[in-house]
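Trainee: Could you take me through one part of this model up close? I'd like to hear about the surroundings of the ligand.

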Amino acid sequence: MARTLSDPTQPVFERSRLYTQILHFLLAQNLNDKRVLDYGCGPADWGVFMATEGASVALLDLSPAAVELGLRRAHASGVGGSVQGFARDASDLSCFRRHEFDLVFASAALHHTLKYPNAFDELVRIIRPGGTLLLAETYNNNPLLGLARKLRANLEGEQEEQGEEIILGDREIGQLRRVFRKVELCEVNLLAMGKRLLRGQFHRPLARVLLRTLEAVDRALLAAAPGLKRYCGEVMVIAER
Ligand SMILES: C[S@@+](CC[C@H](N)C(=O)[O-])C[C@H]1O[C@@H](n2cnc3c(N)ncnc32)[C@H](O)[C@@H]1O
């Protein structure tokens with residue numbers, strides 16, 4: 001996982017700062033025998049990873065193809081016996097018991113599901129008291145970044161319905177705070193969100209130098225003015241039930 005995150009030829013390299021935080025958080029947990037949900041699992045890198053750390057993992061995705069792929073990857077990684085797949089909409093999680101999960105991890109997935117009235121309540125229902133909701137998300141408190149996102153979507157001719165209309169911001173964090181006992185935010189990338197302009201270029205040393213420079217400037221800036229953190233473009237959320 002760490003190797004993939006630091007490989008500039010991999011698409012996930014662009015999110016390596018956010019995902020490295022996630023990786024460190026997960027490695028610091030004892031996942032052995034924990035019941036874990038990879039929510040909106042996509043290709044299920046994280047679900048399979050958590051299974052290799054000893055967790056009993058449920059993969060959930062609207063796409064049966066994604067779930068099938070995740071199950072195959074779990075088998076190929078030797079953890080097929082501890083991974084189950086659920087191809088269904090996250091707004092109905094009746095396939096899971098109340099308080100079933102110790103940890104629910106949603107990577108770039110919650111913003112797709114929050115628009116469904118039932119989805120948030122369902123998510124809360126299945127996490128046990130004392131359990132954790134872990135999110136890796138784009139963060140939407142910065143109006144300049146919001147504008148840049150809209151501009152990019154328009155320039156690239158994206159359809160309106162891309163499922164991206166709810167990007168996590170103060171409102172959604174407030175919603176979490178009302179239900180979870182403790183909500184911790186780890187924001188990353190302020191100026192370094194300029195990385196979006198370098199997409200597809202990270203194999204070039206110059207692009208990586210530029211990115212590292214922006215990240216170093218961010219570190220200095222955010223240490224000097226922590227209030228700027230809320231304007232970062234990405235966030236890891238750790239919410240304890
Ligand atoms: C951006 S992908 C993230 C995939 C994966 N978590 C990752 O980090 O690579 C979002 C995933 O959410 C899934 N998704 C979207 N709407 C959903 C819904 N209503 N219920 C369950 N999954 C959904 C999509 O099929 C997609 O696989």
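**Around the ligand**

Mentor: Let's start with A90: one of its backbone N or O atoms sits 2.9 Å from a nitrogen atom of the ligand. That pair is a polar contact, meaning N or O atoms within 3.5 Å of each other. L62 also offers a polar backbone atom, 3.2 Å from a ligand nitrogen. With S107 the side chain takes part, placing an N or O atom 2.6 Å from an oxygen of the ligand. Taken alone, the ligand has 590 Å² of accessible area, and the protein covers 77% of that; the areas are Shrake-Rupley values with a 1.4 Å probe.

Before you lean on those distances, remember that this is a predicted model, where local features need pLDDT of at least 70, side-chain atom pairs count only at pLDDT 80 or more, and totals for chains, interfaces and linings use all residues. Residue numbers run from 1 along each chain as its sequence is written, and side-chain values use heavy atoms, with hydrogens and water left out.

Now zoom out a bit to the whole shell. There are 15 residues around the ligand, and G40, D61, L62, A90 and S107 come nearest; a residue is near when one of its heavy atoms lies within 4 Å. By type, the shell splits into seven nonpolar, five polar and three charged residues. In that count Ala, Val, Leu, Ile, Met, Phe, Trp, Tyr, Cys and Pro are nonpolar, Asp, Glu, Lys and Arg are charged, and the others, Gly among them, are polar.

Conventions:
A polar contact is a pair of N or O atoms within 3.5 Å; within protein, one must be able to donate a hydrogen and the other to accept it, and residues adjacent in sequence count only if both atoms are side-chain atoms.
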